[in-house]
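Got your viewer open? Let's take a walk through this chain together, one selection at a time.

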Amino acid sequence: MAWSKLKLDEVAVRRTKLLELRRQGVRYDDERVEALGYSSPNAARKDVVRALEAHRAEEAAAINVYRQQENERLDALLEAAWPRATSPSPVFDKEGEVIDHVLDMRAVDTVLRLMDRRAKLNGLDMPVKTEVTGADGGPLALTKVSPDDLATLIATTSRLDSDRPANTATSTADEEDDEDGDG
């Protein structure tokens, strides 16, 4: 049996309120969600999925509008920073004489960050694929080890020129040499 227009409107209003609560971070088992008329958190969860599926095309359009707005903002910021990042500016001495021409490295950094943000926003960066392998590119062997065996492994791989392991979380090889009085 087809739903009446009134019932469809009631469902739309309830879903809108539910989506607003979810945007605010309200959990599905919250009393405010139950007050909307859902019999269980799972029923509310299913209704969110239905709402999202029903409005997928609208959401895609909204995302495209957002992406376009963000690209326009990035364009404006890039336009402002580009000249300072690409054209050397004069450097003056105390007497006001030009002694050199250099790029504004803060502007260069800003341009790079803007370009990075644009790449992320538009999905231009390829995902980084990493693979962990064992010896000679073979499979990685995983075994259980005791804390003593682990300490020995750390000692042999962290500092090949030292009998004691480096505390890699808090120091570098240079810092350890300084502590020994060698460096």
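We'll begin with the whole chain and then zoom in on one helix.

Keep in mind that you're looking at a predicted model. Show the whole chain as a cartoon: there are 7 helices and 2 strands to find. If you trace along the sequence, you'll meet them in the order α-α-α-α-β-β-α-α-α.

Now switch on the surface. Its accessible area is about 14800 Å², and carbon and sulfur atoms hold 55% of that. Of the 183 residues in the chain, 17% are buried. As for contacts with a separation of 6 or more, 33% of them join residues 24 or more positions apart.

Next, select residues 5-23, which form helix H1. How far apart should the ends of its 19 residues be? At 1.5 Å a residue, the expected span is 27 Å, and the end C-alpha atoms are indeed 27 Å apart, so the two agree.

Stay on H1 and show the side chains of Val 11, Leu 18, Leu 19 and Leu 21, the buried residues of this helix. They cover an arc of only 155 degrees around the axis, so they sit on the same side of H1.

What covers those buried residues? Select 31-34 and 41-54: helix H2 and helix H3 are among the elements that do the covering.

Turn the view to the other side of H1, and you'll find Lys 5, Leu 6, Thr 16 and Arg 23 exposed.

For the last stop, click on Gly 25, just after H1. Gly 25 has a positive phi of about 90 degrees.

Note on methods
Residues are numbered from 1 along each chain as its sequence is written. This is a predicted model: local features need pLDDT of at least 70, side-chain atom pairs count only at pLDDT 80 or more; totals for chains, interfaces and linings use all residues. Side-chain values use heavy atoms; hydrogens and water are left out. Helices (H or I, at least four residues) and strands (E, at least two) are DSSP runs, numbered from the N terminus. Buried means under 20% relative accessible area, exposed over 50%, partly exposed in between (1.4 Å probe, protein chains only). Contact means heavy atoms within 4.5 Å. Accessible areas come from the Shrake-Rupley method with a 1.4 Å probe; for residues, only the protein chains shown count as cover. The expected span of a helix is 1.5 Å times one less than its number of residues. The arc is that of the directions from the helix axis to the C-beta atoms.
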